[in-house]
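Dear colleague,

I am handing over a structure for your study. Please look through it first, and then read the findings set out below.

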Amino acid sequence: MYLQSGLVSFSLICFYYWRVWPEFCLLVPSLLLISLYCKHKHGQVIVRWPIVSVFPSIFENMHRIHDWSVDVVNLWGSTIVERRAIFGCFSGLVTCDPGNIEYILKTNFSNFPKGDDFKETLDIFGDSLIMDSPSWNDHRRLTRRALMSNPSRSVISDTCKKVVQDSLVPFLHHAVQKSLIIDLQDVFLRYTFDTSFSVLFGRSANYLSTSLLPNELAQGLDDAMEALFYRNVMPNAYWKFCRRLMIGNERKMQKAWKTIDRHLAVHIKAKREDMVKGIAQTSSLLEGDMSNLVRSENDEVLIQDDKFSRDSAMSFFIGGNDTTGTALTWFFWLVARNLNVEAKILDELNLIVFSKENFIEQEDRLKTPLVFDINELKDAVYLHAAICESLRLYPPIPHNRRTSLKQDVLPDGTIVDPGMMIVISMYAAGRMEQVWGKDCLEFKPERWINENGKLNHETMSKFFGFSIGPRSCLGQEMAFVMMKLAASAMIFNFHVEVLVGQVITPKPSIVLKMKNGLMVRVKERVLHV
Ligand code: HEM
């Protein structure tokens with residue numbers, strides 16, 4: 001009744017004022033129609049609007065973009081294509097189909113580079129390995145050698161163990177003594193920063209200590225990551241405009257960039273001086289990297305100045321720190337909610353400790369918190385499986401981006417136009433019912449273990465968390481060393497209790513961090529020898 005009389009009076013007003021204010025008479029009903037349409041469509045997973053297509057739905061769901069991508073995939077299928085939206089300016093597709101992922105990242109890899117936009121968006125990385133550049137092949141070969149050679153492997157595992165022993169465990173012990181409530185995500189990000197820093201420069205950054213002091217370089221890297229996320233989601237023209245005016249996140253980015261460069265220059269210089277003086281030979285990866293480069297004639301062009309070392313350090317820090325720290329945080333959250341998993345990991349660790357022939361030596365070790373050696377953990381299949389399972393549900397890099405060069409057809413029949421933006425959702429790929437079964441949302445490390453108690457290779461082949469093909473992660477082994485050494489020492493010596501009532505949700509970011517951190521209380525575990 002009210003609505004009808006309202007409409008009648010509104011029509012009379014419009015009729016009366018039509019000649020005087022035609023724009024006003026058109027604007028009001030248009031706004032009314034839009035708001036009615038929005039109200040009607042609100043709550044739907046995704047809506048395809050005229051002209052602006054799915055972009056309003058993306059903005060509406062930005063706060064839960066990863067879970068939203070799973071909802072969309074469940075509704076519309078594993079590949080979603082958008083052609084010539086926004087007056088023909090935008091064409092793109094999102095996929096989590098395993099066949100398509102393999103095709104894009106591996107089989108026809110050369111047709112799907114990262115794209116021209118990528119280099120400009122991630123300009124802070126310089127010419128580092130993660131870019132498409134003519135020297136990428138050489139750079140990858142050198143980094144692989146620097147990370148995978150036997151001496152480097154020892155540097156990495158010894159350094160990790162030292163950081164666990166000298167920083168992580170003492171910090172947790174302090175938290176127990178003082179009954180502190182701690183943010184475990186912050187602790188892990190400090191732990192991975194300290195490890196990467198020591199591995200690279202052969203010195204301790206001491207970011208993870210009982211005083212939890214800030215660190216300018218770590219803060220700079222964090223600010224840069226945040227600004228990069230906004231560059232990734234905002235239209236290019238917008239962030240470039242902000243950069244020109246030096247406002248908002250772009251101002252933050254420029255400040256972070258200066259801080260990072262200032263610190264890296266100091267550490268690289270110090271490392272070179274150490275090398276000249278012959279101090280601490282082969283104790284750091286950068287040293288190995290530098291001397292490898294100096295020795296190899298073909299690669300000499302790469303070391304003309306410190307820029308190469310600076311760019312390598314950047315990809316090392318950004319590629320390895322947040323990813324591994326985040327992975328550890330989700331792992332402990334899942335383990336705390338699945339106490340049966342914690343019990344099985346503990347059984348496995350007890351078996352490693354107590355089945356040793358030299359038991360007397362073990363008894364001595366048990367007088368202080370026990371920190372495992374990476375070789376001791378080689379048979380810890382269940383721990384490995386539990387880490388993989390947590391990476392499946394919470395892949396630290398939830399989305400991967402590519403651009404198509406030529407027209408192509410994906411294995412599921414989707415036609416790809418030249419220049420199309422391609423987003424691979426690792427997050428959705430790890431949660432597909434067709435691939436992982438009805439229990440795909442459950443945390444079940446058992447799915448990674450075969451009937452012989454070994455790692456299940458079929459399951460491993462469905463997992464893309466470290467990417468696949470020529471650009472797959474070079475730090476996978478190092479990431480597992482960092483995660484296994486921290487997780488084994490923590491689970492063996494402490495029990496982590498997650499505080500109830502906190503909202504655990506991913507932060508919209510390039511790396512799947514927890515938005516509000518993970519608040520926990522730590523208790524010392526009583527060992528039954
Ligand atoms: C749980 C931890 C980690 C995860 C989930 C992870 C995941 C990934 C993924 C998905 C890529 C491919 C990115 C793309 O195609 O754009 C990648 C590349 C890379 N990762 Fe990792 N990563 C982890 C830890 C590390 C660590 C510790 C390092 C240390 C050095 C590292 C170094 C790299 C490098 C250098 C690349 C670039 C390879 C290339 O483009 O040729 N990552 N990583």
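Among the contacts in the protein chain between residues at least 6 apart in sequence, 73% join residues at least 24 apart. The model is predicted, and its protein chain has 22 helices and 9 strands. Of the 529 residues of this chain, 36% count as buried.

Confidence in the model

The mean pLDDT of the protein chain is 85, and 84% of its residues reach 70 or more. Confidence is lowest in helix α14 (residues 285–295), where the mean is 50, and highest in helix α18 (residues 381–393), where it is 98. Over residues 290–304 the pLDDT is below 50; beyond near neighbours in sequence, this stretch has 16 contacts in the model. Where pLDDT is low, the predicted coordinates should not be read in detail.

The surroundings of the ligand

The ligand is surrounded by 23 residues, and the closest are Gly319, Gly320, Cys473, Gly475 and Ala479. Three elements give two or more residues to this shell: α8 (136–148), α15 (307–337) and α22 (476–493). Which of the elements provides the largest share of the shell? That element is α15, with 7 residues. By class, the shell holds 11 nonpolar, 10 polar and 2 charged residues.

Cys473 also appears in a record: the UniProt annotation "binding site", from an unreviewed entry, covers this residue. In the model, Cys473 lies in the loop between α21 (457–461) and α22. Cys473 counts as partly exposed because 16 other C-beta atoms lie within 10 Å, whereas 20 or more would make a residue buried and 12 or fewer would make it exposed. Leaving aside residues up to four places away in sequence, Cys473 touches Phe466 and Ser467.

Ser467 is found in the loop between α21 and α22 as well. Its phi is near 65°, a positive value in a residue other than glycine. With 18 C-beta neighbours inside 10 Å, Ser467 counts as partly exposed.

Helix α6 and Pro98

Helix α6 covers residues 98–107, and Pro98 is found in it. Pro98 has 19 other C-beta atoms within 10 Å, so this residue is partly exposed. Pro98 touches Ala429, Val435 and Lys462, if residues up to four places away in sequence are not counted. Pro98 and Ile424 are 326 residues apart in sequence, yet their C-alpha atoms are 9.9 Å apart in space.

Which residues of α6 are buried? They are Asn100, Ile101, Tyr103, Ile104 and Leu105. What covers these buried residues includes the strands β1 (79–84), β2 (90–95), β4 (399–403) and β7 (421–425), together with helix α19 (426–429).

Helix α10

Helix α10 (residues 184–201) offers a check that you can repeat yourself. At 1.5 Å a residue, its 18 residues should span 26 Å. The C-alpha atoms at its ends are 25 Å apart, which agrees with that expectation. Is α10 mostly covered or mostly open? Of its 18 residues, 17 are buried, so the helix is mostly covered. Just after α10, Gly202 takes a positive phi of about 70°.

Two exposed loop residues

Ser179 lies in the loop between α9 (150–177) and β3 (181–183). The phi of Ser179 is near 50°, which is a positive value in a residue other than glycine. Why does Ser179 count as exposed? The reason is that Ser179 has 9 C-beta neighbours inside 10 Å, and 12 or fewer is the cut-off for an exposed residue.

Lys378 is found in the loop between α17 (359–365) and α18. Lys378 has 11 C-beta neighbours inside 10 Å and therefore counts as exposed. Lys378 and Ile352 are 26 residues apart in sequence, and the distance between them in space, C-alpha to C-alpha, is 9.9 Å.

Yours sincerely

Definitions and conventions: Residues are numbered from 1 along each chain as its sequence is written. This is a predicted model: local features need pLDDT of at least 70, side-chain atom pairs count only at pLDDT 80 or more; totals for chains, interfaces and linings use all residues. A residue is near a molecule or strand if its C-beta atom, placed from the backbone, lies within 6 Å of it. Helices (H or I, at least four residues) and strands (E, at least two) are DSSP runs, numbered from the N terminus. Ala, Val, Leu, Ile, Met, Phe, Trp, Tyr, Cys and Pro count as nonpolar, Asp, Glu, Lys and Arg as charged, and the others, Gly among them, as polar. pLDDT is the predictor's confidence in each residue, from 0 to 100. Two residues are in contact if their C-beta atoms, placed from the backbone, lie within 7 Å. UniProt positions are given in the numbering used here, feature names are shortened, and annotations may be inferred rather than shown by experiment. The expected span of a helix is 1.5 Å times one less than its number of residues.
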